[in-house]
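Q: Could you walk me through reading surface patches, pockets and cavities in a model like this one?

A: Gladly; let's look at it together.

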Amino acid sequence: MELTLLGTAAPEGLPRPGCPCAVCALALVDGARAASAALVDGTLLLDLTPGAVFAAARAGRTLGGVRQVLLSHPHDGPPVEVPAGLPQPGRVPDGRELALLTGHRVRAVPMDAPGTGYAVTGPDGERLLYLPPGAAPAGLGSHDGRYDLVVADVLGRPDALARLRASGAVGPTTDVVAVHLDHDVPPGRELTRRLAAAGARAVPDGTTLTVGAYEDVPDVPRRTLVLGGARSGKSVEAERRLESFPDVVYVATGAAYGGNGQDGEWAARVGAHRERRPGSWRTEETCDLVPLLAASGPPLLIDCLSLWLTNAMDAVDAWDDAEWAGGGERALRRRVGELTDAVRSTRRTVVAVSNEVGSGIVPATASGRRYRDELGRLNAAFALECEQVLLVVAGQPLVLRG
C-alpha cells in the first residue's frame with residue numbers, strides 16, 4: 001500500500017494567508033506546505049483541499065482513479081470545489097467500517113475533538129492510521145493492533161501519540177509522519193529535532209510513502225541533558241521532548257526545598273510545573289536517582305540536577321571549609337561518580353535538566369563559588385553520558401551534541 005501526501009500543513013496552509021509571523025515569512029522562502037491531504041493507492045483520497053488535482057500532478061499522481069473521498073475534519077470558510085470526476089466527499093460514522101471494491105477497508109476512529117480518524121487496511125494487510133488536526137483518539141478498541149504507518153498532528157496533539165503508544169497501536173517499528181504542520185514551530189532543523197524527539201518525522205509535500213517500510217524511522221535519543229539559565233525555557237523544552245510518551249516518571253528533586261508549604265512563591269513554581277505536565281505522568285519527589293536509573297520502567301524526566309547537587313552537598317557538609325577539606329570533597333566526587341555510572345548503564349529513556357551558571361556573575365562567597373564549580377563539573381560529567389545535549393537560550397534550543 002502506498003500513501004502520497006498531497007499536502008502536510010494545517011488547514012490554512014503554511015505560510016498562513018496574511019500572517020506576518022517570522023515562521024510564515026521563512027516558509028515563503030523555503031518550506032511552503034499545502035493543507036494536509038493523502039492519496040491511498042490512487043483510489044482513496046483522505047481530505048479534499050484546494051488545488052488537490054495540481055498537487056497530485058506535481059507528485060506524479062492523478063486523481064482519475066479515486067473512488068472514495070473522505071473528510072477528516074470540519075472545514076471553515078467557503079466549501080472546497082469538487083473537481084470533475086471525483087465523487088462527493090463524505091464522512092464515515094464513528095466506529096463504522098467501509099469496504100472498497102479495491103480491497104481496502106476503512107474504519108472510522110472516534111476523536112476527542114471534532115473530526116474523524118481513519119484506519120485503513122490495505123489488500124495485503126498493511127495498516128495505516130490518518131488522524132485529523134487538533135484531535136486524539138477518544139478510545140481504542142480491541143481491534144486496534146499495531147499500525148505500520150501513523151499520519152497525525154504530532155506537534156499539535158502529542159498526547160495522541162502517547163495514547164497510541166500506551167495502547168500498543170504505535171510500536172518501535174511504526175513509521176510516524178507529522179502532518180497538519182502549523183507556524184508554531186520554525187521549519188528546517190528545529191522542526192526535524194522536535195519531531196525526532198517524539199520518534200516522528202516530516203516529509204515534503206508530494207512524498208510517496210510505502211506502508212510497512214521502516215528504514216526512515218528516527219531513533220529517539222535515550223539520554224538527553226537540557227541546560228539553560230533561569231527562565232530560559234529549559235524545563236519546558238525537557239517536558240516537550242517526552243510529551244508524546246505515556247507513563248513518564250517526573251522526578252522532582254526540589255521537593256525538600258520550600259516543599260513544606262510555608263514558601264508561597266516556591267509552591268507557585270511547583271504548581272505551574274504540575275499544570276504543564278500531562279495527566280498520565282507520575283511524580284516522584286526524591287533526590288535518590290541511582291535506584292530509579294537502575295530499575296526498568298517508563299521514561300524519566302529529572303528536574304533538576306542543580307537541586308540534586310544542593311542536596312548532595314548538604315549531605316557531605318560541603319559548605320564548611322574544614323569538612324570539605326577533610327573528606328567532603330571526596331564524598332561528593334563518589335556521589336557524582338555513582339550518578340554518572342548509573343546514567344551510563346541505564347536502560348531507560350532519560351531527560352535531565354540542569355542550570356548553566358558558569359557564564360554568570362562570580363559568586364561573592366567561597367561556598368557560592370564552590371557550588372558553581374561543582375555544578376559545572378557535574379554538568380560536564382553527566383553530558384559525557386548523554387547522546388544529546390541541548391543549551392536553551394531565550395527559549396531557543398541549541399544542539400551541543402546529537
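**Reading patches, pockets and cavities**

A: This is a predicted model, and we can start with V393, which sits in strand β17, spanning residues 388–393.

Q: Is V393 buried, exposed or partly exposed?

A: Partly exposed means between 20% and 50% relative accessible area. V393 has 41%, so V393 is partly exposed.

Q: Which residues form a nonpolar patch on the surface with V393?

A: To join a patch, a residue needs over 30% relative accessible area. Here V393 is joined by L398 and L400 in a nonpolar surface patch, and together the three have about 260 Å² of accessible area.

Q: Now to the pockets. What volume does the second largest pocket have, and which residues lie nearest its centre?

A: A pocket is an open set of points, whereas in a cavity the probe cannot get out. The second largest pocket has about 430 Å³ of volume. Its lining has 20 residues, with P11, E12, H73, H75 and D76 nearest the centre. By class, that lining divides into nine nonpolar, six polar and five charged residues.

Q: How many cavities of 30 Å³ or more are found in the whole structure?

A: Three cavities of that size are found. The largest cavity holds about 50 Å³ of space.

Q: Which residues line the largest cavity, and how do they divide by class?

A: Around the largest cavity you will find L14, R33, L155, L181, D182, V185, P187 and L191. Six residues of this lining are nonpolar and two are charged, with no polar ones.

Notes
Residues are numbered from 1 along each chain as its sequence is written. This is a predicted model: local features need pLDDT of at least 70, side-chain atom pairs count only at pLDDT 80 or more; totals for chains, interfaces and linings use all residues. Side-chain values use heavy atoms; hydrogens and water are left out. Patches are made of residues with over 30% relative accessible area and no salt bridge: like charges are joined within 9 Å, nonpolar side chains (Val, Leu, Ile, Met, Phe, Trp, Tyr) within 5 Å. Accessible areas come from the Shrake-Rupley method with a 1.4 Å probe; for residues, only the protein chains shown count as cover. A salt bridge is a side-chain nitrogen of Lys or Arg within 4 Å of a carboxyl oxygen of Asp or Glu. Helices (H or I, at least four residues) and strands (E, at least two) are DSSP runs, numbered from the N terminus. Buried means under 20% relative accessible area, exposed over 50%, partly exposed in between (1.4 Å probe, protein chains only). On a 1 Å grid over the protein atoms alone, a cavity is a set of points where a 1.4 Å probe fits but cannot get out, and a pocket is an open set with protein on both sides within 12 Å along at least five of seven lines; lining residues have an atom within 4 Å of a point. Grid points are joined across faces, edges and corners, and a volume is the space filled by probe spheres set on the points. Ala, Val, Leu, Ile, Met, Phe, Trp, Tyr, Cys and Pro count as nonpolar, Asp, Glu, Lys and Arg as charged, and the others, Gly among them, as polar.
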